[in-house]
Amino acid sequence: RYDYVCESVVSDLARPMRDECRDLEVVTIDSGHWMAQEKPFEVNAYLANWLVRRVPSSWPVAVG
């Protein structure tokens, strides 16, 4: 949301990615440019959630 280095929330900078990526999901995190360092829990939670839903074989499954 607050990345002024690579602003993609209100500008058209991300339009090609939105147009070409069929599995793209857009999530806005309240952070600046260094999102992974500023909000690691939120970033990793969204990435893990996407992987579990879209590529379930990539996530370990408990054997019981």
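In the predicted model, a network of salt bridges links Arg22, Asp23, Glu25, Arg53 and Arg54. The structure as a whole holds 4 salt bridges, and three pairs within the network are described here in turn, together with the exposure of the residues that form them.

The side chain of Asp23 takes part in two of these contacts. With Arg22, the side chain of Asp23 meets in a salt bridge at 3.7 Å, N to O, and with Arg54 it forms a salt bridge in which the closest N and O atoms are 3.4 Å apart. The second of these pairs ties together parts of the chain that are 31 residues apart in sequence, because Asp23 lies in the loop between α1 and α2 (35-38), whereas Arg54 lies in helix α3. Arg54 is also the partner of Glu25 in a salt bridge whose closest N and O atoms are 3.2 Å apart. Glu25, too, lies in the loop between α1 and α2, so that its pairing with Arg54 in helix α3 ties together parts that are 29 residues apart in sequence. Arg54 thus has salt bridges with Asp23 and with Glu25.

The residues of these pairs vary in their exposure to the surroundings. Arg22 is exposed, with a relative accessible area of 76%, which places it above the cut-off of 50% for that class. Asp23, at 28% relative accessibility, counts as partly exposed, as does Glu25 at 31%, and Arg54 is likewise partly exposed, with a relative accessibility of 40%.

Helix α3, which spans residues 40-54, also contains Leu51. This residue is partly exposed, with a relative accessible area of 30%, and it belongs to a nonpolar patch on the surface that Leu51 forms with Val52, Val55 and Trp59. Taken together, the four side chains of the patch present about 300 Å² of accessible area.

As regards the confidence of the prediction, the mean pLDDT of the chain is 82, and 89% of its residues reach 70 or more. Among the elements of the chain, the highest mean pLDDT, 90, is found for α3, and the lowest, 83, for helix α1, which comprises residues 15-20. Where pLDDT is low, the predicted coordinates should not be read in detail.

Technical notes. Residues numbered from 1 in each chain as written. Predicted model: local features only at pLDDT ≥ 70, side-chain atom pairs only at ≥ 80, totals over all residues. Heavy atoms only, no water. Patch = residues over 30% accessible without salt bridge, like charges linked within 9 Å, V, L, I, M, F, W, Y side chains within 5 Å. Areas by Shrake-Rupley, 256 points an atom, 1.4 Å probe, with all protein chains shown as cover. Helix = DSSP H or I, 4+ residues; strand = E, 2+ residues; numbered from the N terminus. Buried < 20%, exposed > 50% of the residue type's maximum accessible area, 1.4 Å probe, protein only. pLDDT = per-residue confidence, 0-100.
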